[in-house]
Each structure stands twice: as C-alpha cells, then as structure tokens.
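Thank you all for coming; I would like to take a few minutes to walk through one model with you. Please have the sequence and the structure open while I talk.

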Amino acid sequence: MFERITNFFRPEDAQKKASVALARLLSQYEMDGIAYRNEITQSRRRSESRQLALGCWIIPFEADRPQILDFTAVSSAVTYDMRRAGVGVLTFTPIELKNFVIALPDKEGVWRFFECEKCHNSRIPGGWHLSGLKLLRLIELEYRDVSVFRDCIHEEVNATVAAGWNG
C-alpha cells in the first residue's frame, strides 16, 4: 500500500519500464536454452547482447501524435540482437523513420509494443540493413487496436505470399 502511494507521487520512468518489459521477454526465450543446473548465473538480466531472431513489425506514427499508430503501413523485420536497452533489427530497406513503434512477440504469441528511436542504420552483406534501436517506452494498446494490428499483419503476410515470397 505504501509503495503505491509513493509511486503516485514519483511517476515511473518510461524507459525503465520498457527495459524491464524487454528483459522479461528475453528471459522467456532464454529459459529454453538453459540446461538444468547448468549455465546459471547470479542474474539472467545482464546488459550484454543476446542473438535472438524473432519476426517483428515496424509501425510508423505521426510525429506530433505518437499515440496514433499507422497499422496500414507496417513493415516486417527480424531481430538480430537484443539487450535491455535496445534491439538490433534486420530489414530489406533502411529504416527512414527516426521514431516508430516495434512490435515483438512473446512465447505465447502476445505482442509487446515499444516506442523506439533509431540510433544507427548500417548496410550489411546479403542486401540487409541493420538498425540499432533504443527503447523509449512500453506502449499498452487497447484490445481493439491489437485486433486491428493483427488484421493488418495478416493481410501483409498474405500479400507477400501472393507476390511469390513463399519459397
């Protein structure tokens, strides 16, 4: 009770909240790779980079209205490496946006949305672009917005398959 009262007068740091949410997501995926009673350290939430490939989505928003996401303009990406403060993503084309939202799935298929700031964009072999993203805050969407997002990515995936990207 006392903690709730003090948190009311001391608002939570948005970047820290996003960092903790990403650390929980990373912990979910790391648990599969830990052998029983092997490779256990004092803290699983280290700040070092972890190579983890997850399909994710880049979602633009209007610069003056970051609460309104443009789900019709989503683009696909793959995570390259992750750490508590940020994510590296691979894309076919360089990310032109400075700030945007990245949607990352957890192991149960629940999408987590993070506002990000692009820190760098590098061309790498194979025609890919590697972008380093700094997490700014966790975004908690309404259920109907998540439903619209799922419909948009479903349409995007079907359009890609119809265009011949199905192997």
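Let me begin with a single side-chain interaction, in which histidine 129 and arginine 123 are joined by a polar contact of 3.1 Å. I should say at once that this is a predicted model, and that what I say about it should be heard in that light. Histidine 129 sits in strand S9, and with a relative accessible area of 10% the residue is classed as buried, because the cut-off for that class is under 20%. If we set aside residues up to four places away in sequence, histidine 129 touches Val89, Leu90, Thr91, Phe92, Thr93 and Pro94, and also Asn121, Ser122, Arg123 and Ile124.

One of those neighbours, phenylalanine 92, leads to the aromatic residues. Searching the whole structure gives four aromatic pairs. In one stacked pair, phenylalanine 92 and tryptophan 128 lie 4.7 Å apart, centre to centre, with 25° between their planes. This pair links distant parts of the chain, since phenylalanine 92 belongs to the loop between strand S6, residues 86-91, and S7, whereas tryptophan 128 belongs to strand S9, 36 residues apart. How accessible are the two partners, phenylalanine 92 and tryptophan 128? Phenylalanine 92 counts as exposed, at 52% relative accessibility, while tryptophan 128 is partly exposed, at 27%. Elsewhere on the aromatic side, Phe71, Trp111, Phe113 and Phe149 make up one cluster.

Let me now step back to the whole chain. Its secondary structure consists of three helices and nine strands, and the order from the N terminus is α-α-β-β-β-β-β-β-β-β-β-α. Of the 167 residues in the chain, 34% are buried. The accessible surface comes to about 10,900 Å², and carbon and sulfur atoms account for 53% of that surface. Among contacts between residues at least 6 apart in sequence, 58% join residues that are at least 24 apart.

Next, the strands S7, S8 and S9. Strand S7, residues 99-105, runs antiparallel to strand S8, residues 111-124, and seven bridges join the two. They form a hairpin with five residues between them, and in that turn glycine 109 has a positive phi of about 85°. S8 also pairs with strand S9, residues 128-139, again in the antiparallel sense, over 11 bridges. This second hairpin has three residues between its strands, and glycine 126 in the turn has a positive phi of about 95°. As one example of the pairing, phenylalanine 114 has leucine 138 in S9 as its bridge partner.

Glutamate 117 is a useful residue to follow from here. It is found in strand S8, and asparagine 99 has glutamate 117 as its bridge partner. Glutamate 117 counts as partly exposed, at 23% relative accessibility. Beyond residues up to four places away in sequence, glutamate 117 touches Lys98 and Asn99, as well as Gly132, Leu133, Lys134 and Leu136. Its C-alpha atom lies 10.0 Å from that of isoleucine 102, and these two residues are 15 apart along the chain.

Which side-chain contacts does aspartate 106 make? This residue is placed in the loop between S7 and S8, and counts as buried at 6% relative accessibility. Its side chain reaches the backbone nitrogen of glutamate 108 at 2.9 Å, and a polar contact of 3.0 Å joins the side chains of aspartate 106 and arginine 112. The residues that aspartate 106 touches, leaving out those up to four places away in sequence, are Leu25, Gln28, Tyr29 and Arg112.

I will finish with the nonpolar interior. The largest nonpolar core has 22 residues, of which Leu22, Met82, Val89, Ile102, Leu104 and Phe114 touch the most other members. Two or more residues of this core come from each of helix H2 (14-33), strand S2 (55-59), strand S5 (75-83), S6, S7, S8 and S9. H2 gives the most to this core, with six residues. A second core, separate from that one, has 15 residues, including Phe61, Leu69, Val101 and Ala103.

Note on methods:
Residues numbered from 1 in each chain as written. Predicted model: local features only at pLDDT ≥ 70, side-chain atom pairs only at ≥ 80, totals over all residues. Heavy atoms only, no water. Pairing = 2+ DSSP bridges. Helix = DSSP H or I, 4+ residues; strand = E, 2+ residues; numbered from the N terminus. Buried < 20%, exposed > 50% of the residue type's maximum accessible area, 1.4 Å probe, protein only. Polar contact = N/O pair within 3.5 Å; in protein donor to acceptor, adjacent residues only side chain to side chain. Contact = heavy atoms within 4.5 Å. Phe/Tyr/Trp six-rings, centres within 6.5 Å; stacked < 30°, edge-to-face > 60°. Areas by Shrake-Rupley, 256 points an atom, 1.4 Å probe, with all protein chains shown as cover. Core = buried A, V, L, I, M, F, W, Y, C linked by side-chain atoms within 4.5 Å.
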